[in-house]
Amino acid sequence: MSETNKALFKDALYQVLDNKVFRLLAILIVFLVLPTFLIAAKSDELVILFGWKTFDYESVLATFDIPLPENAERYHATLIQNAQTLLVDQIGGTFGLVFAVAATAFFVPRMVEKGAADTIFSKPVSRGALLFSRYVAGLLFVAILTAVLVLGMHVGLLLNSGYSDPGFLWSIPVMVYKYAILHAFSLLIAVWTRSSVAAILTTLMFFAFNGCVHTGWQVKEGAQERLKLQLAAGEPEEGDDPSALFDGFLVALDVLHYTLPKTTDAAVISKSLRAALAERRVEFKDPTSGLRLLKLPDGFTSSPVSENDLPVIARFSEGDPGAAITLKRWSYKDRKRRDALKELDSQLVDMGIAEVTKDRDWILEGQAEVRRWTEPRGERSIERETLFFNGAGYLFSLEYELPAGLKEGDARRSELRFFRHNLEQEGVTDRDPDELFEGSARWGGELKYNLWFSIGSTLLFVALTLALAGWKLSRIDF
Amino acid sequence: MSTSEASIRIEGLSNTYSRRLFKKGFKALDGVSLEVGRGSVFGLLGPNGAGKTTLIKILLGLVRGFEGKAFLFDDPAGSVASRRRVGYLPEAHRLPTYLTGRQVMELFGQMCGRDVTFLRSRIPSMLEKVGMSKDADRKMREYSKGMMQRIGLAQAMIHEPELIFLDEPTDGVDPIGRAAIREVVADLKSRGTTIFINSHLLMEVELMCDRVVIMDHGRILRQGTIDELTPRTGVAEFTIPLPNTDLERVLAGVGRDFTRTERGFDLSLNDEELDQCIDRLRAAGISIRGIQARRLNLEQAFIGLVKKEGWK
């Protein structure tokens, strides 16, 4: 590193360390991290100050009139993860970034002020390098604070609670990435206007506008996907043909989405990186169709299934008289979904079951047809649910047998229901329109859901913004 | 002056500010040409708006889009190579408030390509020179204007530049500080450093500079040595033993009024009259201790010149 670059880096660091907002945020972060060292969140109790006092979760929750959920120990890791996500990705990713933008927006205006500019720009350093050093100063600002927060929490939880999620560490680069976008824009406005206030306000407006564009685009994509599936299912399109103006709006939304930096994708990138680092266990895999089950409901075990059992490919149960789940598979050529549904409906009529709930749910690349009913089994009655869904040329059915008495809203019931979202299939994208982007985003594949494209196009925007700021700065006469 | 002997070489330099679609703009420089020799102390004078600061800023690359040619040590003015050999103390400068005086010197020295070892060995003596050793580790925001000026001067010299631009170097500095700055300038000159001073304090310029340029309305009105720019007034200052009551009689024949002074008398005369005056004084037995031709000081010369040009 040349002496000039060393000086620019040191200058950036001094500027950050001397910043009052930086110091204030650093103190705030220490207060956020400290509890992870002082309070141990064990699976069954909270331990304060290394054993000085202990509280079981039931009594803690009772203070707030909240009943302890059944099998609470199963939620221990989830609770810590959610707390980390809330503090870092959500609070830090929004309020923290807004603070950081406000605290660093004056870096450039102060550099180009009369008197200051003469001294600094007369040095044998290019204006572009000086501008970039201010950019780096901003990144250091956020990187140091985020690193202290994330690493501090990680070490605190590891030492005190015995909990470790290395994937959580991805929050550091992702937060810096998100801030890097805003800071580049702030720098451009600061160079153009030479005003900190203008830089702050415009950047925050840009942040909000950007969020609206990408959320709007995701909603549009979801709606178009829903319409496509609706038409594929032979259902008529509702409403009038959209006007040319509306079409124009959709095109504009597309253009803006592809052009603007994708700040909202940061959460998906973070989640994806976290998942990539987390231990990836597959509970079940069908080699023929590539269907995989990532996680079984707690307490379930799988029963052996052979070729002779086809179309059954997997059986899971929690023992008698608990719930059971059966997975079946046919080639789509051999059996169509509508035929399978007709067959089931007529079987139910034959069995004398009149009360059948018909529903739909999103699994893999489309909507599953759902039938739900209650049937007698010996002296007791059981709740049955069958879903038919397609995936990569196959028809699958997922058949539930639930013990009667599980009420709607019961945590166990929800877990059993949501278990099916742990299914994935090679080469198949989760097309749930409500979470289309999150479900479809991958490190490859279709451009609009490709995370590399998201990062690449965003970095291109950042580079162009910085280049524009550098060009403007090079044309200023001081 | 050959090009290699010149620290600064400017040919037909012109610059117009804010030339936009419907704006004519303001011509800050209008065909300025000058050369500054190596190792000299060069003064730039002119009223407000004369184009002095613009000229310096063009040489340092702070103002671009000029016409004409400008070189520092044969490198194009404003280039990184030329700026590496230059130190600059701007007028009303503002140094980064988040740094201490010592950090300013170290960082700015490093930006000019000097390594930390060299700088750390040099900084204490530089601080001593500008009288800031005691306060070097305080943040810039705690400094008074005079202290800022001293650190500003030190940062301009820290990397041992061959040419230093000082824009109003004594601005806000007390008399002791001004004397120290003059000493620093003298020291730099003795080491062969070229110094380019822009100042409103003409007495300072007169005391420090070898050559001076007077500018107004973006043009050079006159340039030369201090002697060349401060013409004789035609008044001779005579020093004679006092009291002397016979002067009226002795000088009556010279034909011009004289004024008594503390040391003798002043008399307006030409060279021929001077000879006659000396002869008469000697003939009257009056001892002549000294005769000095009175000159305009720089301020008088400057005001006279600018007013004259302004009325044209």
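**How chain B meets chain A**

Five salt bridges are counted between chain B and chain A (side-chain nitrogen of Lys or Arg within 4 Å of a carboxyl oxygen of Asp or Glu). This is a predicted model, in which local features need pLDDT of at least 70 and side-chain atom pairs count only at pLDDT 80 or more, while totals for chains, interfaces and linings use all residues. Side-chain values use heavy atoms, with hydrogens and water left out.

One salt bridge pairs A:D18 with B:R141, their closest N and O atoms sitting 2.2 Å apart. Across the interface, 19 residue pairs, both partners at pLDDT 80 or more, turn up in polar contact (N or O atoms within 3.5 Å; within protein, one able to donate a hydrogen and the other to accept it, with residues adjacent in sequence counting only if both atoms are side-chain atoms).

On the chain B side, helix 2 (80-84), helix 3 (101-111) and helix 4 (116-130) are the elements that each give two or more residues (helices being DSSP runs of H or I, at least four residues). Helix 3 of chain B provides the largest share, six residues. By type, this side splits into 15 nonpolar, seven polar and eleven charged residues (Ala, Val, Leu, Ile, Met, Phe, Trp, Tyr, Cys and Pro are nonpolar; Asp, Glu, Lys and Arg charged; the others, Gly among them, polar).

As for area, the two chains bury about 2800 Å² between them, 52% of it on carbon and sulfur atoms (accessible area, 1.4 Å probe, lost on being put together, summed over both). In chain B, the residues losing the most area to chain A are B:L62, B:Y98 and B:M111, together 28% of what that side buries.

Conventions
Residues are numbered from 1 along each chain as its sequence is written. Chains are lettered from A and ligands numbered from 1 in the order in which they are written.
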